[in-house]
Amino acid sequence: MKAGRDRWRGQQADEAIEMALVLPIMIVIVCGFVGMMLELRAENEFQTAVDLAAQASLVPPLGDQAGSQADYTYAFSHTLNPARSESGYLIVTTPIVCAGPYLEGAIDLNAQGVPAPVTCTAQANLDFSQTPISIFWFWSIRLSATADAYPPQYRQCQTASGSASPFQC
């Protein structure tokens, strides 16, 4: 009877040692997956904010730089709102900047008749230092996003060269 009890206690000791070895590894793996999920979600949210800002830059009339800047800045800041999202650990380091001939009052068409896009770029750092993930994910990740938006056909009423085009009004 005593030998059976000792074997049972030996099995419990083995299980406790296995748990002590496996549990920390499992915690690190789970935290790594959670950190990667948060990183991908923040990266997606950041790219979406830049994409929407590029589209918003085309809303004002041709050549209205102030209106375009106000629209793309508003779209970017309200899409990427750290106060009301899980991206509170996303810090914008280079604000959104958009450039293109449309913003300057021109529609430049290439040989195929496709207008030049408005290109928007922004950069941010992803910092987990304020989250429990920072125990295992203590470095910062630099994100950079670029988006192109093409003026719709109804906005393509003139060309910079003045040549005849199917988009000319």
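**Group meeting: a three-stranded sheet and its aromatic pairs**

Hi everyone, let's start with the sheet: three strands make an open sheet, ordered S1-S2-S3, with antiparallel pairing. At its edges sit strand S1, residues 90-99, and strand S3, residues 141-149, each of which pairs on one side only. On average, neighbouring strands here are turned by 10° against each other, ignoring direction. Please keep in mind that this is a predicted model.

Now let's look at one of those pairings. S1 and strand S2, which covers residues 118-126, run antiparallel and are joined by seven bridges. If you want a spot to click on, try Leu90, which stands opposite Leu126 in S2. As a quick reminder, strands of a sheet pair through backbone hydrogen bonds, in a parallel or an antiparallel way.

Let me step back to the whole chain. There are two helices and three strands in the protein, and from the N terminus the order of elements is α-α-β-β-β. So where does helix H2 lie? Helix H2, residues 65-79, lies across S1 and S2, and runs at about 155° to S1.

On to the aromatics, which I enjoyed most. The count comes to three aromatic pairs. Take Phe46 and Phe76: their ring centres are 6.0 Å apart and their planes stand at 75°, and because an angle over 60 degrees counts as edge-to-face, that is what we call this pair. It links distant parts of the chain, with Phe46 in helix H1 (residues 2-56) and Phe76 in helix H2, 30 residues apart. Are these two residues buried or exposed? Phe46 has 1% relative accessibility, so it counts as buried, and Phe76, at 6%, counts as buried too; the cut-off for buried is under 20%.

Another of the pairs is Phe138 with Trp139. Here the ring centres are 5.3 Å apart and the planes are at 90°, so this pair is edge-to-face as well. Phe138 counts as exposed, because its relative accessibility is 65%, while Trp139 is partly exposed at 43%.

To finish, some totals for the protein. Of its 169 residues, 33% are buried. Looking at contacts between residues at least 6 apart in sequence, 71% join residues at least 24 apart. The accessible surface comes to about 10,500 Å², and 61% of that belongs to carbon and sulfur atoms. Thanks for listening, and I'm happy to rotate the model for anyone who wants to see more.

How values were computed. Residues are numbered from 1 along each chain as its sequence is written. This is a predicted model: local features need pLDDT of at least 70, side-chain atom pairs count only at pLDDT 80 or more; totals for chains, interfaces and linings use all residues. Side-chain values use heavy atoms; hydrogens and water are left out. Two strands pair if DSSP finds at least two bridges between them. Helices (H or I, at least four residues) and strands (E, at least two) are DSSP runs, numbered from the N terminus. Axes are lines fitted to C-alpha atoms, for helices over the stretch in contact, and angles run from 0 to 180 degrees between N-to-C directions. Contact means heavy atoms within 4.5 Å. Rings of Phe, Tyr and Trp (its six-membered ring) pair if their centres lie within 6.5 Å; planes under 30 degrees apart count as stacked, over 60 as edge-to-face and the rest as tilted. Buried means under 20% relative accessible area, exposed over 50%, partly exposed in between (1.4 Å probe, protein chains only). Accessible areas come from the Shrake-Rupley method with a 1.4 Å probe; for residues, only the protein chains shown count as cover.
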